[in-house]
Amino acid sequence: MIAITRKFLVLFALTAVVAGLSACAEDEQNRVLSYQKGTYLGKTDQQLSEDQLRTLINRSNAQRVY
Amino acid sequence: MARMKFLCDAERCIECNACVTACKNEHEVPWGVNRRRVVTIQDGKPGERSISVACMHCSDAPCTAVCPVDCFYQTEQGVVLHSKDLCIGCGYCFYACPFGAPQYPQAGNYGSRGKMDKCTFCAGGPEEDMSSLEFQKYGRNRLAEGKLPICAEMCATKALLAGDGDQVANIFRERIVARGFGSGAWGWGTAYSIKS
């Protein structure tokens, strides 16, 4: 009886360990889990297009008239 | 294109706080968080000057250097942004920033302040441009709309300038030449000078 209980406990512990480790999967967590010192690892931002930049430059220049 | 920069002309600022109000309204910033504020020195005395202060998007940003989770990044236009997904609310950036720009939604100790919030130069954050998620986390992305930051665009006296650094510097230079005195743009040296 004790042997069966022990086997059951070992099996349970192994299952718990496997489940715990699988929960560390980055894609399942939906957040950054790794870390590299000095490196931004978050989502990448979209770049502004040439048209958008040209508009911004014109708008910057328009501040001169006041 | 040069880097995006702010410049506050202390000779023109009349402490109307319209930039503060516009910023809060545009980005629906919560109570207790001020991305921009107006500071007055020598209040009520001769030599009184007001300046509008927010994140200056430093070239070599100290907040980026001290962040323990590296949640800061710079866009190609030099705008310093951060990811609220990575931020742990430690408050180190607040202590490092010479302008007191980082703000927190709650008062508390390490890690209990909530995600840091600061001026984004109206450039949103690392979410899809002009998406509802970006607006919810970081506020409106006016740069993607081809507009400059709301604080500068609506400044009645054009004390607060924003945009392409070369052009902003040229506008200020023309004003200084016209005035014939002074040349110090508040915060410019701290934020944009090359540090040895």
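## Exercises on a two-chain model

In this predicted model, 40 residues of chain B are in contact with 25 residues of chain A.

**Exercise 1.** Describe the interface of chain B and chain A, starting from its buried area and ending with a salt bridge.

*Solution.* Begin with the area buried between the two chains, which is about 2600 Å², with carbon and sulfur atoms giving 52% of it. Next, turn to the pairs that cross the interface, where the rule finds 12 residue pairs in polar contact and four salt bridges. On the side of chain B that touches chain A, the elements that give two or more residues are β4 (72-74), α5 (150-153), β6 (160-164) and α6 (165-179). Finally, as a salt bridge to look up, take the side chains of A:Lys43 and B:Glu127, which meet at 3.0 Å, N to O.

**Exercise 2.** Check whether the length of helix α1 (residues 2-22) of chain A agrees with its number of residues.

*Solution.* The helix has 21 residues, and the expected span is 1.5 Å times one less than that number, so it should be 30 Å. The end C-alpha atoms are 30 Å apart, which agrees. As for cover, the count of buried residues in this helix is zero.

**Exercise 3.** Find which residues touch the most other members of the largest nonpolar core, and follow one of them outward.

*Solution.* The core has 48 residues, and those with the most such contacts include B:Phe6, B:Phe72, B:Val79 and B:Phe121. Strand β1 (residues 4-8) of chain B supplies the largest share, three residues. Leaving aside neighbours within four places in sequence, B:Val79 is in contact with residues including B:Met4, B:His57, B:Phe121 and B:Leu143. A second, separate core of seven residues includes B:Val168 and B:Ile171.

Definitions and conventions. Residues are numbered from 1 along each chain as its sequence is written. Chains are lettered from A and ligands numbered from 1 in the order in which they are written. This is a predicted model: local features need pLDDT of at least 70, side-chain atom pairs count only at pLDDT 80 or more; totals for chains, interfaces and linings use all residues. Side-chain values use heavy atoms; hydrogens and water are left out. A nonpolar core is a set of buried Ala, Val, Leu, Ile, Met, Phe, Trp, Tyr and Cys residues joined through side-chain atoms within 4.5 Å. Buried means under 20% relative accessible area, exposed over 50%, partly exposed in between (1.4 Å probe, protein chains only). Helices (H or I, at least four residues) and strands (E, at least two) are DSSP runs, numbered from the N terminus. Contact means heavy atoms within 4.5 Å. Buried area is the accessible area (1.4 Å probe) that two parts lose on being put together, summed over both. A polar contact is a pair of N or O atoms within 3.5 Å; within protein, one must be able to donate a hydrogen and the other to accept it, and residues adjacent in sequence count only if both atoms are side-chain atoms.
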